[in-house]
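Visitor: I have a model open and would love a guided look at it. Could you take my questions one by one?

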Amino acid sequence: MARSTTKDAQALFHSLRSAYSATPTNLKIIDLYVIFAVLTAIIQVGYMAIVGSFPFNSFLSGVLSCVGTAVLAVCLRIQVNKENKEFKDLPPERAFADFVLCNLVLHLVIMNFLG
């Protein structure tokens, strides 16, 4: 029984890897950016757990900045994906401009929250 579970897991991993290899390069770059933002938020939470949260507003600003950026990047990935029929009329340049503008607004709010 354990062998079949291991083989199923290996087959699933192999099929996911082969399907992801067909993903365009620009989507892979966005995926790496999302992973970086999430890992940065996790590192900040770990640091807060070890050292403490003295300037709590700074901690919240940093984590919300990372999470907000990751969410905006996922939205960009959805809009830029060619296989997504819902955004087929939206040019990628417009989606990227929206991403930059939303990031600017997000970080202005976060800078204001730092106090």
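Visitor: Is Leu39 buried, partly exposed or exposed?
Guide: Happy to help, and please keep in mind that this is a predicted model. Leu39 sits in helix α2, which covers residues 25-51. Buried means under 20% relative accessible area and exposed means over 50%. Because Leu39 has 46% relative accessibility, it counts as partly exposed.

Visitor: How much accessible area does the nonpolar surface patch with Leu39 have together?
Guide: Leu39 is joined in this patch by Leu32, Ile35, Val38 and Ile42. Together these residues have an accessible area of about 470 Å².

Visitor: Which helix gives the most to the largest nonpolar core?
Guide: That core has 11 residues, among them Leu27, Val34, Leu72, Val80 and Phe99. Helices α2, α3 and α4 (92-114) each supply at least two of the core's residues. With five residues, the top contributor is α3.

Visitor: What separates the C-alpha atoms of Val71 and Val34?
Guide: Val71 belongs to helix α3, residues 56-80. Val34 is 37 residues away from Val71 along the chain. Their C-alpha atoms are separated by 8.0 Å.

Visitor: Which residues is Val80 in contact with, leaving aside its neighbours within four places in sequence?
Guide: Val80 is itself a member of the largest nonpolar core. Two of its partners, Leu27 and Ala95, are listed in that core as well. The full set of contacts is Asn26, Leu27 and Ala95.

Visitor: How far apart are the end C-alpha atoms of residues 56-76?
Guide: An unreviewed UniProt entry places a transmembrane region at residues 56-76. In the model this span is 100% helix and 0% strand. Its end C-alpha atoms lie 30 Å apart.

How values were computed
Residues numbered from 1 in each chain as written. Predicted model: local features only at pLDDT ≥ 70, side-chain atom pairs only at ≥ 80, totals over all residues. Heavy atoms only, no water. UniProt positions renumbered as here; feature names shortened; annotations may be inferred. Helix = DSSP H or I, 4+ residues; strand = E, 2+ residues; numbered from the N terminus. Patch = residues over 30% accessible without salt bridge, like charges linked within 9 Å, V, L, I, M, F, W, Y side chains within 5 Å. Areas by Shrake-Rupley, 256 points an atom, 1.4 Å probe, with all protein chains shown as cover. Salt bridge = Lys/Arg side-chain N within 4 Å of Asp/Glu carboxyl O. Buried < 20%, exposed > 50% of the residue type's maximum accessible area, 1.4 Å probe, protein only. Core = buried A, V, L, I, M, F, W, Y, C linked by side-chain atoms within 4.5 Å. Contact = heavy atoms within 4.5 Å.
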